[in-house]
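Where does this protein leave open space at its surface, and which parts of the chain line that space? Please look at the structure with these points in mind.

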Amino acid sequence: MKTVLVGVGQAGGKIATALSEFDAQMGFNSVIDAVAINTAKTDLSSLPIETVLIGQSQVSGHGVGGDNELGAEVMQSDIQEVMGTLSSKIHANAESIVVIAGLGGGSGSGGAPVLVHELKKVYDVPIYALGVLPGKDEGTMYAVNAGRSLKTLAREADSLMLLDNDAWKASGESVSEGYNAINKNIARRFGLLFAAGEATEGVGESVVDTSEVINTLRSGGISALGYASSPAAEDPAENINVVMSAARNALLTGSSVPGATDADSALLVIAGEPKRISRKGVEKARRWLEDETGSMQVRGGDFPVKSDRIAALILLGGIERSNRVNQFIERARQAAKEQKEEDKKKVDQKSLFQNDELENLF
Ligand SMILES: Nc1nc2c(ncn2[C@@H]2O[C@H](COP(=O)(O)OP(=O)(O)OP(=O)(O)O)[C@@H](O)[C@H]2O)c(=O)[nH]1
């Protein structure tokens, strides 16, 4: 899927960079170009991709400090400049545009939904969002921001590909220590998804096509991506369980939204050397995926790559009724309530000083 990446905010810019570097390193050529947009000048200066600084008149290049309403406002006021830069990158060969953002902050969380809305008005290709949910150890503000942004992005984008920041970090690392590792994991997994259908190592009837990715995401709403790999034998007859266990691990332990298995649609991509891939294993894994997701729309295909491993990539479309997403929405709702109570307390404390019963000294 030939894609233009647009990172908004700090996390968005870093992830867009990691994805375009992975794509170049692998020689996939599925990333056409990548652009980073932010309100913070210093976050942009270290990025090797084209950048656009927005909100200069409002925040003078210093970021919006987690205020996602302000993030949305500055994106809206500078939208002409942003769309102008993007129009020089989005050529006729683009098959999708992916807007990437951390949902817990201000610039990305607020700016990404506004940008997706504008892009949808202008372009016919699907506009996807790749949104990063804050980790559990991040504060109330992050959860509130992410809840509002998630809701709006799921409405505006053709699909919101969701990633929980706790999903792909190595154990023992705090979220901030692990950003680089997480970004590399995101780049590898989503990079493979974008490249599925761009496969160069041979074409056969079982090879996955870009249209399968687009059709799986067509149900809209929220989507998730799972990935896992296992060492494979040379003889495909020995790889029935290898394919099966890669698929199981991709869904049950390697998902970008852990615990989300109920879905409207699914795509199972098996990556590996064609001569090692067991057809029986693929059929078995597809049937298993139908049972696990409760979806009758399970697509599949191979992604031929030179490797002594077999990997499974599972894309789930329409996961919003799954428990994990509902749990997050509940947490965001609770956090919004706590934030309102906290704000009310501050107002009450301020009004103590305006109390007439307590006279000023002079
Ligand atoms: N995966 C990942 N998440 C990140 C990274 N940097 C920040 N985050 C997460 O993204 C959220 C914060 O978003 P940022 O992108 O830092 O904020 P911003 O959009 O630049 O907004 P402001 O800083 O408020 O202007 C938090 O939930 C962080 O955990 C990163 O490099 N990788």
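The paragraphs below go through two pockets and then turn to an annotated stretch of the chain.

The model shown here is predicted, and its largest pocket has a volume of about 550 Å³. Lining this pocket are 33 residues, among which Gln10, Ala11, Gly102, Gly105 and Tyr142 are the closest to its centre. Four elements, α1 (9-26), α6 (107-122), β5 (127-133) and α8 (179-195), each contribute at least two residues to the lining of the largest pocket, and the largest share, six residues, is supplied by α1. When the lining of the largest pocket is sorted by class, it comprises 17 polar, 13 nonpolar and three charged residues.

The second largest pocket encloses about 420 Å³ of space, and its lining is made up of 18 residues, with Val144, Asn145, Arg148, Ala336 and Gln339 lying nearest its centre. Two or more residues of this lining come from each of α4 (68-77), α7 (140-156) and α12 (323-352). By class, the lining of the second largest pocket holds seven charged, six polar and five nonpolar residues.

Which feature does UniProt place at residues 319-349? The unreviewed UniProt entry gives a "coiled-coil region" for these positions. In the predicted model, the chain over residues 319-349 is 87% helix and 0% strand, with its end C-alpha atoms 43 Å apart. Returning to the second largest pocket, α12 (323-352) is one of the elements that give two or more residues to its lining, and Ala336 and Gln339 are among the residues nearest its centre.

Methods
Residues are numbered from 1 along each chain as its sequence is written. This is a predicted model: local features need pLDDT of at least 70, side-chain atom pairs count only at pLDDT 80 or more; totals for chains, interfaces and linings use all residues. Side-chain values use heavy atoms; hydrogens and water are left out. On a 1 Å grid over the protein atoms alone, a cavity is a set of points where a 1.4 Å probe fits but cannot get out, and a pocket is an open set with protein on both sides within 12 Å along at least five of seven lines; lining residues have an atom within 4 Å of a point. Grid points are joined across faces, edges and corners, and a volume is the space filled by probe spheres set on the points. Ala, Val, Leu, Ile, Met, Phe, Trp, Tyr, Cys and Pro count as nonpolar, Asp, Glu, Lys and Arg as charged, and the others, Gly among them, as polar. UniProt positions are given in the numbering used here, feature names are shortened, and annotations may be inferred rather than shown by experiment.
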